[in-house]
Amino acid sequence: DCTMQILLNGNPKIITAPMTIARLLEDLLVPATAIVIELNKTILQPDCYATTFLKDNDQMEIIRFVGGG
């Protein structure tokens, strides 16, 4: 395994390659519900999380839905 760096919500993060978005969410203990993933300025569909591998220097944003009223 090798490591690579991504930008996660604006902060550098070292991850192990290969790493899918689904695996990263598991490692971060972030449920894949009530969130949107933006990868390199593109919104991803949830069914792509398990098959999308992160690459060195990717920019990923985890956008959480917040309920209110």
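**Reading the labels on a predicted model**

Me: Why is Arg-23 called partly exposed?
Reply: Its relative accessible area is 45%. Buried means under 20%, exposed means over 50%, and partly exposed is in between (1.4 Å probe, protein chains only). Arg-23 falls in between, so it counts as partly exposed.

Me: What kind of model is this?
Reply: This is a predicted model, where local features need pLDDT of at least 70, side-chain atom pairs count only at pLDDT 80 or more, and totals for chains, interfaces and linings use all residues. Residues are numbered from 1 along each chain as its sequence is written, and side-chain values use heavy atoms, with hydrogens and water left out.

Me: What makes Asp-27 and Arg-23 a salt bridge?
Reply: Their closest N and O atoms are 3.1 Å apart. A salt bridge needs a side-chain nitrogen of Lys or Arg within 4 Å of a carboxyl oxygen of Asp or Glu. The pair meets that limit, so the name fits. By this rule the count comes to 1 salt bridge. Asp-27 is partly exposed too, at 41%.

Me: Where do these two residues lie?
Reply: Both are in helix 1, residues 21–27. They are 4 residues apart, about one turn of the helix. Helices (H or I, at least four residues) and strands (E, at least two) are DSSP runs, numbered from the N terminus.

Me: How do you know that strand 1 and strand 2 pair?
Reply: Two strands pair if DSSP finds at least two bridges between them. Strand 1 (residues 2–8) and strand 2 (residues 11–17) have 7 bridges, in the antiparallel sense. The rule is met, so they pair. One of the partners is Ala-17 in strand 2, bridged to Cys-2.

Me: What stands out at Asn-9?
Reply: Asn-9 has a positive phi of about 50°, although it is not a glycine. Asn-9 belongs to the hairpin of strand 1 and strand 2, which has 2 residues between the strands.

Me: Why does one side of strand 2 and of strand 4 lack a neighbour in the sheet?
Reply: The open sheet of 5 strands has the order 2-1-5-3-4, with mixed pairing. Strand 2 and strand 4 (42–44) stand at the edges, each with a single partner strand, so one side of each is left free of a neighbour in the sheet.

Me: What makes a group of residues a nonpolar core?
Reply: The members are buried Ala, Val, Leu, Ile, Met, Phe, Trp, Tyr and Cys residues, joined through side-chain atoms within 4.5 Å. The largest one here has 18 residues. Those with the most contacts inside it include Ile-21, Leu-25 and Leu-54. Strand 1, strand 2, helix 1, strand 3 (35–39) and strand 5 (59–64) each give two or more residues to this core.

Me: Is Thr-20 buried or exposed?
Reply: Its relative accessible area is 12%. That is under the 20% limit, so Thr-20 is buried. Thr-20 lies in the loop between strand 2 and helix 1. Beyond its neighbours within four places in sequence, it is in contact (heavy atoms within 4.5 Å) with residues including Tyr-49 and Phe-53.

Me: How do you know that Leu-29 is exposed?
Reply: Its relative accessible area is 73%. The limit is over 50%, so exposed is the right word. Leu-29 is in the loop between helix 1 and strand 3.
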